[in-house]
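Reader: I would like a close look at a single helix of this model, covering which way its residues face and what surrounds it. Please go on from there to the parts of the structure that help to place it.

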Amino acid sequence: MAADIISLEAITKVYGRGEAAVRALDSVSVRVHAGDFVAVMGPSGSGKSTLMHILGCLDVPTTGSYRFGGEDVSRMSERELAHVRNRSIGFVFQQFHLLSSMTACRNVELPLLYRAARDRRAAALRALDRVGLSDRVNHRPNQLSGGQQQRVAIARALVTEPALILADEPTGNLDSTSSREVLGVLRSLNDAGHTVILITHDATVAAVARRVLTMSDGTLREAA
Ligand code: ADP
Ligand code: MG
């Protein structure tokens, strides 16, 4: 049995105070095993991005506890959270957030700036190979299709060998062919042992995961 990489216990997130307070997460508890592929599905406003920010150590819960890789991250300082993020989490967003003046390879190298240049390039080329873009390493974003740009973003998320890949609506800006391509890449990374959490409002996208959780009004449950 694989160890839990994620353990959330009674997580609540409240934005604002008093009359204006919004309870975006309401006692969310969930565990995710290392090597799993989980989709979190729910309509707009249900709390998905709030959950993603907490899972990704971009924000902390108002109450409850979050253990990531055995470490309690729910009370960490901003500086400690940044360290966990950089070391252990690869992010993929709806907007690809690639730098337009840089080649695919240079974009993928960015998270490795602390390494020597030759090691950076070798690691970036390996990551691009894993997303099927060995023949596009010197292309700039505007010379690539949407699906290819998102695969570059996935390679950039992968290049640090993170324990968790967290993707928030990764196919939200893509046509159906590109969506299939990107979901195929996430699936193959999971087959190779990576833990993936995919956030989406789309049931057909969620269907590629091994396990589907649904979010509604700030609560999370296993899909029927
Ligand atoms: P989703 O990603 O599923 O669309 P969100 O997590 O973005 O949902 O939002 C959940 C709820 O929290 C919504 O009612 C939203 O309006 C509210 N919310 C999100 N972020 C903030 C914020 N920074 N300040 C106040 N309310 C917020
Ligand atoms: Mg959202």
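Author: In this predicted model, the exposed residues make a good starting point: Arg118 and Arg126 are exposed on one side of helix 4, the side other than that of its buried residues. The buried residues of helix 4 are Arg120, Ala123, Ala124, Ala127 and Leu128. These five are on the same side of helix 4 because they cover an arc of only 135° around the axis. The cover over the buried residues of helix 4 includes helix 3, residues 104-109, together with helix 5.

As for its dimensions, helix 4 runs over residues 117-130, which makes 14 residues, and from its first C-alpha to its last it reaches 20 Å, close to the 20 Å expected at 1.5 Å a residue. After helix 4 comes Gly132, which has a positive phi, near 75°.

Arg120 deserves separate attention, as a charged residue that lies in helix 4 and is found among its buried residues. Its relative accessibility is 12%, and it therefore counts as buried, the cut-off being under 20% relative accessible area. When residues up to four places away in sequence are not counted, Arg120 touches Arg106, Glu109, Leu112, Leu113 and Arg115. Gly184, by contrast, is 64 residues apart from Arg120 in sequence and 26 Å apart from it in space, taken C-alpha to C-alpha.

At the other end of helix 4, Arg130 can be placed against helix 6. Ser188 belongs to helix 6, residues 176-191, and its C-alpha atom is separated by 8.9 Å from that of Arg130, although the two are 58 residues apart along the chain. Ser188 has a relative accessible area of 34% and is therefore partly exposed.

Helix 5, already named as part of the cover over helix 4, contains Gln148. With a relative accessible area of 16%, Gln148 is buried. Leaving aside neighbours within four places in sequence, its contacts are with Leu133, Arg136 and Glu181.

Helix 5 also has a part in the largest pocket, which has a volume of about 370 Å³. This pocket is lined by 15 residues, of which Arg85, Asn86, Ile89, Phe91 and Pro111 are the closest to its centre. Two or more lining residues come from each of helix 2 (78-88), strand 6 (89-92) and helix 5 (146-158). By character, the lining of the largest pocket divides into 7 nonpolar, 4 polar and 4 charged residues.

The model also has an enclosed space to set beside the pocket. The structure holds 1 cavity of 30 Å³ or more, and about 60 Å³ of space lies in the largest cavity. Its lining is made up of 11 nonpolar residues, with no polar and no charged ones, and among them are Ile6, Leu8, Val30, Val32, Leu51 and Leu220. At least two residues of this lining are supplied by each of strand 1 (4-15), strand 2 (22-33), strand 3 (37-41) and helix 1 (48-55).

To return to helix 4, its buried residues include Arg120 and Leu128, its exposed residues on the other side include Arg118, and helix 3 and helix 5 are included in what covers the buried ones.

Terms used: Residues are numbered from 1 along each chain as its sequence is written. Chains are lettered from A and ligands numbered from 1 in the order in which they are written. This is a predicted model: local features need pLDDT of at least 70, side-chain atom pairs count only at pLDDT 80 or more; totals for chains, interfaces and linings use all residues. Side-chain values use heavy atoms; hydrogens and water are left out. On a 1 Å grid over the protein atoms alone, a cavity is a set of points where a 1.4 Å probe fits but cannot get out, and a pocket is an open set with protein on both sides within 12 Å along at least five of seven lines; lining residues have an atom within 4 Å of a point. Grid points are joined across faces, edges and corners, and a volume is the space filled by probe spheres set on the points. Helices (H or I, at least four residues) and strands (E, at least two) are DSSP runs, numbered from the N terminus. The expected span of a helix is 1.5 Å times one less than its number of residues. Buried means under 20% relative accessible area, exposed over 50%, partly exposed in between (1.4 Å probe, protein chains only). The arc is that of the directions from the helix axis to the C-beta atoms. Contact means heavy atoms within 4.5 Å.
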